[in-house]
Amino acid sequence: MSIIVSLLRQPRLMRQHIATCRSSSSLVNNPEKKISFADHRTAYAHLSRAEILRAWIVLKLCSFDFLLQNSLKVLEHSQRVLGRGLLEKILRPTLYDQFVAGDDPQSLKETANKLKKVGIKLMILPSLEEDVGQKSDENRYNSNVDVTLQLAEIAYQHGGPLSCLQTKITALISADLLLKLAERNRDKEDQFRTISSWANYMTGGLLAPVSYLDKTENIELEKGLERLKSVGAFASGLQLRLLVDGEFTYLNQAISIAALSMAGAFNQSRPVVWNTYQCYLKDALEKICNELEITQRMGVGFGAKIVRGAYLERERQLSVEGNYPDPTNPSYEATSDVYDKAVEHLLEQVVRSGGQRCNVIVASHNETSVLKALKKMGSLGISPKDNTVVFGQIYGMASNITVKLASEGYIVYNSVPYGSLFDVLPYLSRRATENRAVLKGTRRERTLLARELRARFLGF
C-alpha cells in the first residue's frame, strides 16, 4: 500500500512504473507490436567508452576473412615472435576481455554482476572438448568433471536455480568411443534401447556389456557413464539447466544418445539436461521431432537449444573428402528457414506440454529469427516471465539484441567462455573459424557501436 501511495504522490514515478509494466507484457498482449534492435543508446549504456571502442575494433578485425581462417596460426606465430608475456599483455585487454568472462571466480562474478545490471544471465561455457584421434587419459576426463562441477557451483551462486551451464560430451567420454557407438546405433529402436539402458544405469541399474565393444571399451564406457551421471546429478541437485553442445555429425548420434539418456535419468519433473540442435543440417527438424518423441516415450521433460550451428564449412569439407552427401543446407537462407520452423514447432510444443515439460532456448544473432520467435510467443500467449522460452547470444556480440530483449522483460543469456587466456584462445580460434559467417556479418553491430561512440564523444 505504501508503494501505491508513493506512486500516486509522484506522478512521474507512476508513469515510469506503468511504462515498465507495459514493456514487460506488451508483446504478449499485442503480438503485432514491433520492437527495434537499432537502439544503440539502450544496447551499450552499460559499457564504457573504452569498452565500446574495443568492441568496434575487435569486431572489425573479425570481419577479415584471412584472420578468421588463419587465427590459430597467427596466434602461434605471434607467441613465437613476441613471447608469451608480451602477447598476453596485448590480447588480454582486447580479444580476451571482449569474449571471455575471466579465469577466476572473482572475474566471473564481476562479469555476472555487470550483465545482471542490464538483466542478462550467464550461460557459462567451459572450453573442454576433444575430437577423434585426440583421446585423453582417465585423469583428464575426471579433471574435466571437477572443472564442470566447479562451474556449476559458480553458475548457481551467480544465477540461482535454472541458471545455464554448457558442456560437451567429448569432455567426459572419448570421442573415439563415441564414434564407434554412433556407427552402431543408426536404427531408431537400437538408439532407444541404448538410451533406455544408459538411463537405467544412471538411476541405479546394471549396465550390460555391449557386444560390439571389447572388454577395455566396455570398462571405458562404464566410467564415462559414471562421469555423465555425476554431472547430471549435480546439475539436477542445484536445479540448473545443463546444455549439451552439438559437435560434428559423425559424433552427434552418440552425443544425442548420451544427452537423451541423461534426460531419461534427470528430467523426470522438468528439463534439466538439454540437447543442442544445429539448424545448418538438413535433418535438424526431423531430429528434433524424433528426440522429442523419445522423451515422450520415456515420460520425461525435453529441453532444446536451437542454433544455426558452428561446424558448417568443416562438415562440407568432410563430405567431399568422404564422398558422401553434404548434410548441410545449401544456403544461409535455407538454414534460416529450418531454424525458424524448428523454433515455431517447439514453441507450439511448449504450449501443448503446459510449459514445464518442454523448454527452449532461441540462440540466435539473426534479428529476423528473433523477431519471428517473439511474434510467435505473443500469438501463443507465452509470457516472457514463464522461463519456458528464453534467448541467448554470444558474450561480446549482439548486445543490441540481448539488452533490448532484457529491457522488454524477456529472459536472456550470454554464452560466456571461462578459462585462462592460453587455454581459451585456441578454443576461441576454432570457434572463430567455424563461425566465420557470423563474425563477418557484424557490420550492423559495428555501425551501432560507431553511432554510440559518436554520441558519447560529440553528443549526437
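The second largest cavity in this predicted model holds about 30 Å³ of space. Its lining consists of Tyr277, Gln278, Leu281, Ala284 and Lys287. Three of these residues are nonpolar, one is polar and one is charged. Strand E4 and helix H14 each supply at least two residues of this lining.

A search of the whole structure returns two cavities of 30 Å³ or more. The largest cavity encloses about 50 Å³. Four elements each give at least two residues to the lining of the largest cavity: helix H13 (249-266), strand E4 (273-278), helix H14 (284-298) and strand E5 (302-307). Strand E4 provides the largest share, four residues. The lining residues are Ala259, Leu260, Ala263, Val273, Trp274, Asn275, Tyr277, Glu291, Thr295, Phe302 and Gly303. By class, seven are nonpolar, three are polar and one is charged. Tyr277 appears in the linings of both the largest cavity and the second largest cavity.

Charged contacts were examined next. Side chains of opposite charge can pair when their charged atoms come close. The whole structure contains 18 salt bridges. One of them joins Asp326 to Arg316, with an N to O distance of 3.8 Å. Arg316 belongs to helix H15 (312-322), while Asp326 sits in the loop between helix H15 and helix H16 (332-352), so the pair ties together parts that are ten residues apart in sequence. Asp326 is partly exposed, at 28% relative accessibility. Arg316 is also partly exposed, at 28%.

A second salt bridge is formed by the side chains of Glu367 and Arg444, at 2.5 Å from N to O. This pair links distant parts of the chain, 77 residues apart. Glu367 lies in helix H17 (residues 367-380) and Arg444 in helix H21 (residues 443-458). Arg444 has a relative accessibility of 39% and counts as partly exposed.

Helix H21 also holds a salt bridge within itself, between Glu452 and Arg456. The closest N and O atoms of Glu452 and Arg456 are 2.7 Å apart. The two residues are four residues apart, about one turn of the helix. Glu452 has 3% relative accessibility, so Glu452 counts as buried. Arg456, at 22%, is partly exposed. The contact extends to a further residue: Arg41, Glu452 and Arg456 are linked in a network of salt bridges.

Technical notes
Residues are numbered from 1 along each chain as its sequence is written. This is a predicted model: local features need pLDDT of at least 70, side-chain atom pairs count only at pLDDT 80 or more; totals for chains, interfaces and linings use all residues. Side-chain values use heavy atoms; hydrogens and water are left out. A salt bridge is a side-chain nitrogen of Lys or Arg within 4 Å of a carboxyl oxygen of Asp or Glu. Buried means under 20% relative accessible area, exposed over 50%, partly exposed in between (1.4 Å probe, protein chains only). On a 1 Å grid over the protein atoms alone, a cavity is a set of points where a 1.4 Å probe fits but cannot get out, and a pocket is an open set with protein on both sides within 12 Å along at least five of seven lines; lining residues have an atom within 4 Å of a point. Grid points are joined across faces, edges and corners, and a volume is the space filled by probe spheres set on the points. Ala, Val, Leu, Ile, Met, Phe, Trp, Tyr, Cys and Pro count as nonpolar, Asp, Glu, Lys and Arg as charged, and the others, Gly among them, as polar.
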